[in-house]
Amino acid sequence: MRVTIALLVPLQRSAQAVIDLVLPPRCPACRAIVDGDDRFCSGCWQQLVFLTTPCCACCGTPFDHDRGPGTLCAPCLADPPRFDMARAAFGYEGAARSVLLSFKHGDRQHLARLMATHMARAGADMLGGDVLLVPVPLHRWRLWRRGFNQAALLARVLAGRGHGALAVDALLRVRATLASAGMGRKARAANVRGAFKVRDRGLVRGRRILLIDDVLTTGATANACARLLRRAGAVEVRVLTFARVVRDGGSTIVHPPYGNGIEADAH
Ligand SMILES: [Zn+2]
Ligand SMILES: [Zn+2]
């Protein structure tokens, strides 16, 4: 049985790749036919919550009006994150949520290209130069079950497009954590305590790190990783995700004109 499944999964994947080549391009969120690769249909485009300025200088929580440069949101003031800055392309809702879930659980890894394009837009100021792209690791059991680490896939696409050097194993997840959906802030922090380890301190010492993940929720995982990376001598730890949960109101929704304002990165 194990052999059959091991054979079927790659076959299924290559069959999907062939289908994707032959059939007309589809909206990455709802799969309606669209007029070009990696384009959302107009309905899904309207659902996307683009996270732009003005926002918290640290965590990127959108503000409903400009409060001046360097302004922090209340949660960052009360409990400063261990990372220097976090940015995400979209609010974790609507079409962005659909894309992320089918990427992660629907065996549609090709969506990494589109996701990375939007991440590069949101994190333009954080990418390039000598930055080291470090994906948030999965525990080996989860990796074995899912077959891939979604964060590593995104980091790999970004590195392939020249946005930074890839250090896919800089962090290890040494303890399996529980699925954190439904957990509060404190429970999430406890859940990831002691879960990560820096594999090679020499790799991160003195480096500017950009932690890559698919989604930022409370920031507990990013915080735990940033604390370790700083202890290992990283000079800066920033975070870039495809989506993030927007905690409180004032979200700034700016829709670029439909027609796929985002051009794919050169690669
Ligand atoms: Zn759609
Ligand atoms: Zn903040």
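**Exercise 1. In which helix is Trp 141 found, and is it buried or exposed?**

This is a predicted model: local features need pLDDT of at least 70, side-chain atom pairs count only at pLDDT 80 or more, and totals for chains, interfaces and linings use all residues. Residues are numbered from 1 along each chain as its sequence is written, while chains are lettered from A and ligands numbered from 1 in the order in which they are written.

Step 1. Find the helix. Trp 141 sits in helix α6, residues 140-146. Helices (H or I, at least four residues) and strands (E, at least two) are DSSP runs, numbered from the N terminus.

Step 2. Apply the burial rule. A residue is buried if 20 or more other C-beta atoms lie within 10 Å of its own, exposed if 12 or fewer, and partly exposed in between, with C-beta atoms placed from the backbone. Trp 141 has 10 C-beta neighbours inside 10 Å, so it counts as exposed.

Step 3. Look along the chain. Arg 175 is 34 residues from Trp 141 in sequence, and their C-alpha atoms are 9.9 Å apart in space.

**Exercise 2. Work out the strand order of the five-stranded open sheet.**

Step 1. Read the order. It is β1-β7-β6-β2-β3, with parallel pairing. Two strands pair if DSSP finds at least two bridges between them.

Step 2. Mark the edges. β1 (85-91) and β3 (165-166) each pair on one side only.

Step 3. Follow the bridges of β7. Strand β6 (residues 208-216) is joined to β7 (residues 236-244) by eight bridges. Among the partners, Ile 212 goes with Leu 240, and Val 215 with Ala 243. β1 is joined to β7 by six bridges. Met 85 stands opposite Arg 238 of β7.

Step 4. Check burial. Eight of the nine residues of β7 are buried, so this strand is largely enclosed by the rest of the structure. In the protein chain, buried residues make up 40% of the 267 residues.

**Exercise 3. Name the strands that helices α4 and α10 touch or lie across.**

Step 1. Take α4 (residues 94-105). This helix lies across β1, β6 and β7, at about 100° to β7. Angles run from 0 to 180 degrees between N-to-C directions, and axes are lines fitted to C-alpha atoms, for helices over the stretch in contact.

Step 2. Take α10 (residues 220-231). This helix packs on the sheet and touches β1, β6 and β7. Its direction makes about 165° with that of β6. Two residues are in contact if their C-beta atoms, placed from the backbone, lie within 7 Å.

**Exercise 4. Classify how α5 packs against α4 and α7.**

Step 1. Know the classes. Angles under 35 degrees count as roughly parallel, over 145 as roughly antiparallel, 65 to 115 as roughly perpendicular and the rest as oblique.

Step 2. Pair α4 with α5 (residues 111-122). The angle is about 135°, with the axes 10 Å apart. So α4 is oblique to α5. Val 99, Ser 102 and Phe 103 of α4 meet Leu 111, Ala 112 and Met 115 of α5.

Step 3. Pair α5 with α7 (residues 150-160). The axes come within 9 Å and cross at roughly 65°. So α5 is roughly perpendicular to α7. On α5, the contact includes Ala 112 and Met 115; on α7, it is made by Leu 153, Leu 154, Val 157 and Leu 158.
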